[in-house]
Each structure stands twice: as C-alpha cells, then as structure tokens.
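Let's take a walk through this one, strand by strand at the start and then out to the whole chain. Keep the sequence and the model side by side as you read.

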Amino acid sequence: MVKVVLKEGINWVGVVDWNIKDFHGYNTNRGSTYNAYLIQDEKTALIDTVKNTFANELISHVNELTSFDKIDYIIVNHVEMDHSSSLPIVAKLAKNAKIISSERGKEALIKHYGADFNIVETVKTGDEIKVGKRTLRFLEAPMLHWPDSMFTYLVEDKILMPNDAFGQHLASSERFDDEVDQHVLMEEASMYYANILMPFAPLITRKIQEVVDLKIPIGMIAPSHGVIWRKDPMKIVNAYLKWSAMESKNKVVIIFDTMWHSTDTMARAIADGIISQGVETKLYKLRSYAISEAITEVLDAKAVLVGSPTLNNQMFPTLSSFLTYATGLKPKGKLWGFFGSYGWGGGAVKGMIEMAKKAGFEVYEPGVEVKYVPDEQDLKKCFDFGQQIAQKIKL
Ligand code: FEO
C-alpha cells in the first residue's frame, strides 16, 4: 500500500470500496471507502475497522506499519457493520489490545458479536487516553449516526475523527479533500448528509456548537467515509451548519412517476408555471432516478411537488417508497404539493396528502388531479398550480 500519512505517526489504513452501488438502499454511484486510522506513538491505537469483506486488506495495511500484537487500543467510534464487522477478526489478532467504545457501543457490540465483547472498556465525553506524546479525547455523539456513535479527537494534532459525520460515499485513489474535484466532493457530501444525517439536523447543530464551546481547534477532519478534510475542514462544518438549518433557495423540485405519460405531462406543465415566475425547478422521474438522488434535491428546495398516477386506488409504489423515505428523513420547512392522474376512482393524490400531513409536512391544497389524459384546460390548471407554488415560496 502507498502510505497515506495524515501526520507523522498517523496513517490511514482503510479500504476503498470501488464497486458498491447500493449502500443499504442508498445508491452510491461513486462507491465508498471505509476509513480506519493507525496511531503509532509510545502506544499504538487503531481507530475503527472496516466492513468484514475487506478485513484482509485492513490487516495487510496494518501489517505494513506494525504487528498486531503491538496494538494497545482499538477504538470503536461506531458499531454499524460497515465500521465494525471486521472487529471480531481484528480483535483476535490484536491480542494485547483493549477495545474502547461508548457505553452504548459496548451494548451494541455484544448484540452484534456476542458476549466476548463484555471485555470492552467504555469511555464518555471528556475521557482521555494518553498514547505517548499524544492524547485521544472522546466526545459522545449519539445519533450521529447511531446512539453509540462517538468522536475521537487527537488533541496535540488537532485531528477530529468523527466517524460517519462529515463523510461522503466517494471512492477515489486520492485521500484528501484538496486532491479531488470540489464539485464532486460537495455533491457527494450533500447526498450523504441528505440520506443519512438529515433526520438528526438539530443534534448536528448542537454538536457543532458543543465542539465550538469546547474551544478545540480543528486542523483536520478524518471521517470514516470518503476523503479527509485537511485543507479546509471548516468547509464541511459550515456546509453542515447550512444543511442542518435547512437553508433553502427559491427552487421547486418535482418528483413523480408515470404510467402512460399523463402525470409526466402534468409535471412538465407545472414546471413551466414555476419557470414563468423566474424560479428554479428540477424534475425527477422515479425509475429514472434513485430515491437517494431525489431526496438530495429536496435539501435546498423551498417546495417539493410530488406526482403520482393512481394504480388500484393507491399512489404508485415508487411514490409510496419515496414518501416513506422522505417522512423518515424529516426535511423541515418545505412546502409540499401533490398532483396526479387517474382513470376512474382516483386515490393517489388523496393518499399522498394524508401521508404528508401525518408526517407534519406543510401541504399546499388542493392538489391537482386529471382524469385519463390532460387536455388544454387541465394543462392550464397544472401551469397555474406551478405558478401559485412559485409565487408562494417567493414571498
Ligand atoms: Fe458508516 Fe453509520 O455507518
């Protein structure tokens, strides 16, 4: 392995997963990485492990730098299996290592890997481990991403290792932020935030404030996925503050599906109405785009319009999936509108409105419904609907 040095004595020993396209349902078109770090001082600490399919690669990376019996600590910042499923293998090799996690991490490790993990030692916010001239300080970060999550801060090196937070699903031969295309980097960072961390927006704002209050300087952020923020770590911190505040712009995203193009035609007429007001819009037909791509567009949109044909008195299944996903991710402060076509009984628009209201979304009513195929009058209704939504968000 070509050495990846964060600072002298601190190496990346993770793996690149070039070919993962489906990360538990989230389309990771650019792959991902599982980052682990080795700190070599008077003592040696391994920060996180990797997905078990790549355990051998992690082992080989570590073996190039040290032998496993020299590892004194394995720090488990997060138990989700992309970071811990090779731990049982690694722990057997690192016979002298203490395994360190949060209290809830220990509970999760035992549930995942059995009672052997009763030996785990737990830490809480503010606890420190000296590994020589370096100090590891821990900061619990529940729900970023799971209840067990914690950050490890390397005090003297000013490096924050926050596991999932500030990550990106981005496979690359480069390991640092200043080495990759900035547009691609931020696109993946925003998609990652929208699909993984959006429901925890208030916690993120509070956690960042907590870090600011602790007055710990951040020289580098080394997350568990994607590249390491060494040139401009505040770029991603500021982006998280913006996304967590749900800052949005005059943009309407239209997410729909269609059977015989009636709902598609409606979506296009609605888009014309929006554009006529000088407001940006984007159309996402599900089955052409993944739900994870569509939800990312919601992040900075002021309004979301969802269109579905009626199938057997219900909304189309792709829209049902999208709305289930969206209501779980809880995008705050958006205006939602609904439209769709039907043949006889209808039901899609009504069902979608009910679902959105139940989730606490602000719904613009009434929606627009068209029987069979939209005629001139129907298309005018759609155009007007788009205009009204655009005018409302511009206020
Ligand atoms: Fe990357 Fe929550 O695991």
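N11 has L38 in β7 as its bridge partner. That pair belongs to the antiparallel match between β2 (residues 10–12) and β7 (residues 37–40), which are joined by three bridges. For the bookkeeping, two strands count as paired if DSSP finds at least two bridges between them, while helices (H or I, at least four residues) and strands (E, at least two) are DSSP runs numbered from the N terminus.

Before going further, a word on what you're looking at: this is a predicted model, in which local features need pLDDT of at least 70 and side-chain atom pairs count only at pLDDT 80 or more, while totals for chains, interfaces and linings use all residues. Residues are numbered from 1 along each chain as its sequence is written, and side-chain values use heavy atoms, with hydrogens and water left out.

Back to β7, which also pairs with β8 (residues 44–47), again antiparallel, this time over four bridges. Look for I39, which sits opposite A45 in β8. The two strands make a hairpin, with three residues between them.

Now move along to the open sheet of five strands, whose order is β12-β13-β14-β15-β16 and whose pairing is mixed. At the edges are β12 (128–130) and β16 (220–223), each of which pairs on one side only. From one strand to the next, the twist averages 20°, with axes taken as lines fitted to C-alpha atoms (for helices over the stretch in contact) and angles running from 0 to 180 degrees between N-to-C directions. As a reminder, strands of a sheet pair through backbone hydrogen bonds, either parallel or antiparallel.

Start at the β12 edge. β12 and β13 run antiparallel and share three bridges, and I129 has L136 in β13 as its bridge partner. Four residues separate the strands of this hairpin, where G132 adopts a positive phi near 130°. On to the next pairing: β13 (residues 135–140) and β14 (residues 150–154) are antiparallel too, with five bridges joining them. L136 turns up again here, standing opposite L154 in β14, and E140 faces M150 in β14.

For a helix, try α9 (residues 291–298), which is mostly covered, with six of its eight residues buried. Buried here means under 20% relative accessible area, against over 50% for exposed and in between for partly exposed (1.4 Å probe, protein chains only). The buried set is S292, A294, I295, T296, E297 and V298. What do they pack against? Their neighbours are the strands β5 (26–27), β17 (249–256), β18 (280–285) and β19 (301–307), plus the helices α5 (182–197) and α10 (317–329). Contact means heavy atoms within 4.5 Å.

Finally, zoom out. The chain's secondary structure adds up to twelve helices and 24 strands, and its C-alpha atoms fill a box of roughly 75 × 40 × 35 Å along the principal axes. Of the 395 residues, 57% are buried. Among contacts with a separation of 6 or more, 71% come from residues 24 or more positions apart. The chain exposes about 16800 Å², 52% of it supplied by carbon and sulfur atoms, with areas from the Shrake-Rupley method with a 1.4 Å probe, where for residues only the protein chains shown count as cover.
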